[in-house]
Amino acid sequence: MHLKDFDFDLPKSAIALRPASPRDAARLLRVDPAAREPLAEATIRDLPAFFRPGDIMVFNDTRVLSAELSGTRPPRDADAPAVDVSLNLIEREASGAWKAFARPARRLRPGDAIHLATGEHASRLIVVAKSDDGEIILAAPEGDSVEAVMQRHGAMPLPPYIARQRPADERDRSDYQTVFARNEGAVAAPTAGLHFTPELLARLSQRGVETAFVTLHVGAGTFLPVKTATVEDHEIHAEWFEIGEVTARAISAARERGGRVIAAGTTSLRVLETATREDGFIEPAKGFTTIFIKPGHRFRSADLLVTNFHLPKSTLFMLVCAFSGTALMKRAYAHAVDAGFRFYSYGDACLLSRADAQPSTVRS
């Protein structure tokens, strides 16, 4: 497959800079390859009507860290100026240190301290290593942690396509976090989950739809472009995930009673596909996943997928093409542009049915 096969035209005006208010007022495009008319418009509030009692919806409960920091590297000698530094923390290491992108990385070297505040709120991070590509490793002084520094001084790490048009602000602290976020570790939001409100979750429950949770800490690599001309040559970024025994059992029970599995977002779907065996049985699991879902993938877990509209030539657009068919997804995205749907993290959503329309069979 060639990267150009997953390109499409998208005007800059289609990129949402703020979410719908309230969250569940966002628009929804239903995409069903088996329907006589495969595209139909609705709203997020309509979701319960499209599900059946006994279905189960799986959400990603990761919590986004305030991973954008601004600080100063003090002068190295009396005649040199201080250097303003911008940091985007992207991944926690086992030692407690964090990988980060820094600007200007060329002005930093191991041993440098980056001061993030002064006075009684003074905090600093130490550059402990630097790679050839400009990525740095940061650690906190003894008695502190990088996570605590982020909590005190960080801003929400908005996606590049939003950050290029406006800075993050206090509103983003709540807007860019799901209402069920609880496990800290992500540097980007599981954006399909942003549409759900306590009221909508309650209506799903009243409909007889069960909810379950997995964790996938979304990394900054989710925004990295595919640079290889051939899709198969692209190496996907690793992200930490966990699916517990309670969730695995709940999904198996839903299958046994004839219910469908609905993935709330591509991150939830990637966890489910990682943890599901060839025979369709889902197991508790945790670790790092590098699963790359692209056309030709045989799905074993979810029957339906709720997801936002994704970047051209991105691995996530390839994922939805794998789920509902490339030709139909291109048609759906063209319809969404023409109909004024809002794209990306703060945008509207799709409800996708699988192209094969064959739920997997679970056996223990």
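Is histidine 310 buried or exposed? At 7% relative accessibility, histidine 310 is buried. The legends below describe close-ups of a predicted model.

**View 1. Histidine 310 sits in a loop between a strand and a helix.** The loop runs between strand S16 (304–308) and helix H8 (315–324). The side chain of histidine 310 makes a polar contact with the side chain of threonine 307, at 2.7 Å. Beyond its neighbours within four places in sequence, histidine 310 is in contact with Phe8, Thr266, Leu316, Phe317, Val320, Tyr333, Phe343 and Tyr344. Histidine 310 counts as buried because its relative accessibility, 7%, falls under the 20% limit.

**View 2. Asparagine 308 is a buried residue of strand S16.** Its relative accessibility is 2%. The side chain of asparagine 308 reaches the backbone oxygen of serine 345 at 3.2 Å. Neighbours within four places in sequence aside, asparagine 308 is in contact with Thr191, Ala192, His195, Tyr333, Tyr344, Ser345, Gly347, Asp348 and Ala349. Tyr333 and Tyr344 also appear among the contacts of histidine 310.

**View 3. Phenylalanine 317 and tyrosine 333 form a tilted aromatic pair.** A search of the whole structure finds 15 aromatic pairs. In this one, the ring centres lie 4.8 Å apart, with 55° between the planes. Phenylalanine 317 belongs to helix H8 and tyrosine 333 to helix H9 (residues 326–338), so the pair ties together parts that are 16 residues apart in sequence. Phenylalanine 317 and tyrosine 333 are both buried. Histidine 310 is in contact with Phe317 and with Tyr333.

**View 4. Eight aromatic residues are shown as one cluster: Phe8, Tyr161, Phe309, Phe317, Tyr333, Phe341, Phe343 and Tyr344.** Among these members, Phe8, Phe317, Tyr333, Phe343 and Tyr344 are in contact with histidine 310. Arginine 27 lies over the face of phenylalanine 341, at 3.9 Å from the ring centre. Elsewhere, arginine 182 lies over the face of phenylalanine 213, at 4.9 Å from the ring centre.

**View 5. The largest nonpolar core holds 66 residues.** Which residues touch the most other members? They are Tyr176, Ile243, Leu272 and Met329. Helix H8 gives the most to this core, with seven residues. Apart from it lies another core, of 22 residues, including Val85, Ile114, Leu125 and Val127. Leucine 272, setting aside neighbours within four places in sequence, is in contact with Val58, Ile243, Ile251, Val261, Ala263, Ile282, Ser301 and Ala302.

**View 6. Aspartate 112 lies in the loop between strand S7 (98–103) and strand S8 (113–117).** At 9% relative accessibility, aspartate 112 counts as buried. The side chain of aspartate 112 makes a polar contact with the side chain of arginine 76, at 2.6 Å. The aspartate 112 side chain also reaches the backbone nitrogen of arginine 109, at 2.9 Å. Leaving out neighbours within four places in sequence, aspartate 112 is in contact with Arg73, Arg76, Arg107, Leu125, Ile126 and Val127. Leu125 and Val127 are among the members of the 22-residue core. Aspartate 112 and phenylalanine 288 are 176 residues apart in sequence and 31 Å apart in space, C-alpha to C-alpha.

**View 7. Confidence along the chain averages a pLDDT of 92.** Of the residues, 98% score at least 70. Over residues 358–364 the pLDDT is below 50. In the model, this stretch has 19 contacts beyond near neighbours in sequence.

Terms used: Residues numbered from 1 in each chain as written. Predicted model: local features only at pLDDT ≥ 70, side-chain atom pairs only at ≥ 80, totals over all residues. Heavy atoms only, no water. Helix = DSSP H or I, 4+ residues; strand = E, 2+ residues; numbered from the N terminus. Buried < 20%, exposed > 50% of the residue type's maximum accessible area, 1.4 Å probe, protein only. Polar contact = N/O pair within 3.5 Å; in protein donor to acceptor, adjacent residues only side chain to side chain. Contact = heavy atoms within 4.5 Å. Core = buried A, V, L, I, M, F, W, Y, C linked by side-chain atoms within 4.5 Å. Phe/Tyr/Trp six-rings, centres within 6.5 Å; stacked < 30°, edge-to-face > 60°. Lys NZ or Arg CZ within 6 Å of the ring centre and 35° of its normal. pLDDT = per-residue confidence, 0-100.
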